Amino acid sequence: MEPLRSHSPKTAPALTSTAQFEADYLSALLTNKTTEPLRYPVIGTVTFTFPQLAQAGISIDKAKEDSNYSIKDIDITQGDFFYAGTDDHARLSLVFDKQNHLVGAAEISQTAVDDINALIPVMAIDVDPEVWKEKMIMAFPGLAYKIRTLI
């Protein structure tokens, strides 16, 4: 017997959090709580190495191949971005679409998972940068505080 195959490739990462999201969707579908097709939200990924590598949204590789995106690379070891725990090679890359909305982010640092998690709401609910600055003052010296001028 031939194994079942999907007709379209799955684009979501194979992670525990993704599997939980899919299980919740399947439960809702099977209990008639939804008939909508599965739509993946912004999903963060991380490798807990030293330093950490974390990413969410449009990947840097995809953005490099598509002229609809621009990338802003930031050295977060210097100036206003420096904070305790940052190593010598810490970098943040932000991906913007043509309307200058944040649609992707990747970071290598000792705090990458927390920094990328702080950016997921900006991507997922398309927070207006002015609303971010007006409605929230994040804890200093975390990256979420410092990026308010970048998004």
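A salt bridge is a side-chain nitrogen of Lys or Arg within 4 Å of a carboxyl oxygen of Asp or Glu. The exercises below use this and a few other cut-offs on a predicted model.

**Exercise 1. The salt bridge**

Find how many salt bridges a search of the whole structure gives, state which residue pairs with Arg39, and decide how far each partner is open to the surface.

Solution. Step one is the count, and a search of the whole structure finds one salt bridge. Step two names the partners: Arg39 pairs with Glu36, and their closest N and O atoms are 3.4 Å apart, which satisfies the rule because the limit is 4 Å. Step three turns to accessibility, where exposed means over 50% relative accessible area and partly exposed means between 20% and 50%. Arg39 has 57% and therefore counts as exposed, whereas Glu36 has 45% and therefore counts as partly exposed. As background, side chains of opposite charge can pair when their charged atoms come close.

**Exercise 2. The overall plan of the chain**

Describe the order of helices and strands along the sequence, and state what share of the chain is buried.

Solution. Begin with the elements themselves: the chain has five helices and five strands, and along the sequence they follow the pattern α-β-β-α-β-β-β-α-α-α. Next consider burial, for which the chain of 151 residues has 34% in the buried class. Then consider the surface, which comes to about 9,900 Å² of accessible area, with 55% of it belonging to carbon and sulfur atoms. Finally, look at the contacts between residues at least 6 apart in sequence, of which 48% join residues at least 24 apart.

**Exercise 3. Leu119 and the nonpolar cores**

Decide whether Leu119 is buried or exposed, list the residues that Leu119 touches, and place Leu119 in a nonpolar core.

Solution. First locate the residue: Leu119 lies in helix 3, which covers residues 112-124. With a relative accessibility of 1%, Leu119 counts as buried, because the cut-off for that class is under 20%. Leaving aside residues up to four places away in sequence, Leu119 is in contact with Leu92, Leu94, Leu102, Ala105 and Ile147. The largest nonpolar core holds 22 residues, and Leu119 is among those with the most contacts inside it, together with Leu92, Leu94, Leu102, Ile116, Met123 and Ile147. At least two residues of this core come from each of strand 2 (52-57), strand 4 (91-96), strand 5 (102-109) and helix 3, and helix 3 gives the most, with six residues. A second, separate core has five residues, including Ile60, Ala63, Val103 and Ala106. The C-alpha atoms of Leu119 and Ala106 are 9.9 Å apart, while 13 residues separate the two along the chain. As a general background, nonpolar side chains in soluble globular proteins tend to be buried together.

**Exercise 4. A leucine patch on the surface**

State which residues form a nonpolar patch on the surface, and classify Leu30 by accessibility.

Solution. The patch is made by Leu26, Leu29 and Leu30, whose accessible area together is about 280 Å². Leu30 belongs to helix 1, residues 16-30, and at 63% relative accessibility Leu30 counts as exposed.

**Exercise 5. An aromatic pair**

Work out which class the ring pair of Phe21 and Tyr40 falls into, and which parts of the chain the pair ties together.

Solution. There is one aromatic pair in the count. The ring centres of Phe21 and Tyr40 are 6.0 Å apart and the planes meet at 40°, so the pair is tilted, since stacked planes are under 30 degrees apart and edge-to-face planes are over 60. Because Phe21 lies in helix 1 and Tyr40 in the loop between helix 1 and strand 1 (44-47), the pair ties together parts that are 19 residues apart in sequence. Phe21, at 31% relative accessibility, counts as partly exposed, and Tyr40, at 29%, is also partly exposed.

**Exercise 6. Unusual backbone angles**

Find where a cis peptide bond occurs, and give the phi values of Asn32 and Asn100.

Solution. Start from the general expectation that most residues other than glycine have a negative phi, and that most peptide bonds are trans. The cis bond joins Phe50 and Pro51, with omega about 0°, and Pro51 sits in the loop between strand 1 and strand 2. Asn32 has a positive phi of about 60° although it is not a glycine; Asn32 lies in the loop between helix 1 and strand 1 and is exposed at 67%. Asn100 has a positive phi near 65°, lies in the loop between strand 4 and strand 5, and is exposed at 52%.

Notes
Residues are numbered from 1 along each chain as its sequence is written. This is a predicted model: local features need pLDDT of at least 70, side-chain atom pairs count only at pLDDT 80 or more; totals for chains, interfaces and linings use all residues. Side-chain values use heavy atoms; hydrogens and water are left out. Patches are made of residues with over 30% relative accessible area and no salt bridge: like charges are joined within 9 Å, nonpolar side chains (Val, Leu, Ile, Met, Phe, Trp, Tyr) within 5 Å. Accessible areas come from the Shrake-Rupley method with a 1.4 Å probe; for residues, only the protein chains shown count as cover. Helices (H or I, at least four residues) and strands (E, at least two) are DSSP runs, numbered from the N terminus. Buried means under 20% relative accessible area, exposed over 50%, partly exposed in between (1.4 Å probe, protein chains only). Contact means heavy atoms within 4.5 Å. A nonpolar core is a set of buried Ala, Val, Leu, Ile, Met, Phe, Trp, Tyr and Cys residues joined through side-chain atoms within 4.5 Å. Rings of Phe, Tyr and Trp (its six-membered ring) pair if their centres lie within 6.5 Å; planes under 30 degrees apart count as stacked, over 60 as edge-to-face and the rest as tilted.
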